[in-house]
Amino acid sequence: MTSEFLFDAWRGIKLLLRSCPCHNYSDYTQISMVIKGTIDECRRMINASIGGYYVNGTTTKVKKIIED
């Protein structure tokens, strides 16, 4: 599996989920898929922005960081 930059991973996941509106993936699962698909530098940036490991933050806060 190749890693992507955050913007590309987030855009790809949003397009995929829009094409299947009945996906039933929780916000946490969506965020996890994006973060696990990004390069290490992006993961470190998200974790630093959240003030720890991303799973310790609220999904709303993590999604806002990713979108910003």
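## What covers the first helix

What covers the buried residues of α1? The cover includes α2 (27-36), α3 (40-50) and α4 (59-67). Keep in mind as you look around that this is a predicted model.

Helix α1 itself runs over residues 6-19, which makes 14 residues. From its first C-alpha to its last it reaches 20 Å, close to the 20 Å expected at 1.5 Å a residue.

## Two sides of α1

Let us turn to how the side chains of this helix are arranged. Leu 6, Ala 9, Trp 10, Ile 13 and Leu 17 are the buried ones in α1. Viewed down the helix axis, these buried residues fall within an arc of 95 degrees, so they line one face of α1. The spacing has a familiar background: an α-helix has 3.6 residues a turn, so residues three or four places apart point the same way.

And which residues are exposed on the other side of α1? Phe 7, Arg 18 and Ser 19 are exposed there.

## How α3 meets α4

Two packed helices are described by the angle between their axes and the distance between the axes. For α3 and α4, the packing angle is about 130 degrees, and the axes lie 10 Å apart. That angle makes α3 oblique to α4, and the crossing of the two helices is right-handed.

If you would like to find the contact in the structure, start from the α3 side with Ile 46, Ser 49 and Ile 50. These residues meet Lys 61, Val 62, Ile 65 and Ile 66 in α4.

## A closer look at Asn 47

Asn 47 is another residue of helix α3. Is Asn 47 buried or exposed? Its relative accessible area is 19%, and the cut-off for buried is under 20%, so Asn 47 counts as buried.

Setting aside neighbours within four places in sequence, Asn 47 is in contact with Gly 52, Tyr 53 and Tyr 54.

## Asp 27 and its distant partners

Asp 27 belongs to helix α2. With a relative accessible area of 34%, Asp 27 is partly exposed.

Which residues does Asp 27 contact, leaving aside its neighbours within four places in sequence? Asp 27 is in contact with Thr 59 and Lys 63. Another pairing worth finding is Asp 27 with Thr 58: these two residues are 31 residues apart along the chain, while their C-alpha atoms are separated by 9.8 Å.

Terms used. Residues numbered from 1 in each chain as written. Predicted model: local features only at pLDDT ≥ 70, side-chain atom pairs only at ≥ 80, totals over all residues. Heavy atoms only, no water. Helix = DSSP H or I, 4+ residues; strand = E, 2+ residues; numbered from the N terminus. Expected span 1.5 Å × (residues − 1). Buried < 20%, exposed > 50% of the residue type's maximum accessible area, 1.4 Å probe, protein only. Arc of directions from axis to C-beta. Contact = heavy atoms within 4.5 Å. Axes fitted to C-alpha atoms, helices over the stretch in contact; angles between N-to-C directions. Parallel < 35°, antiparallel > 145°, perpendicular 65-115°, else oblique. Left-handed = near helix turned anticlockwise from the far one by under 90°.
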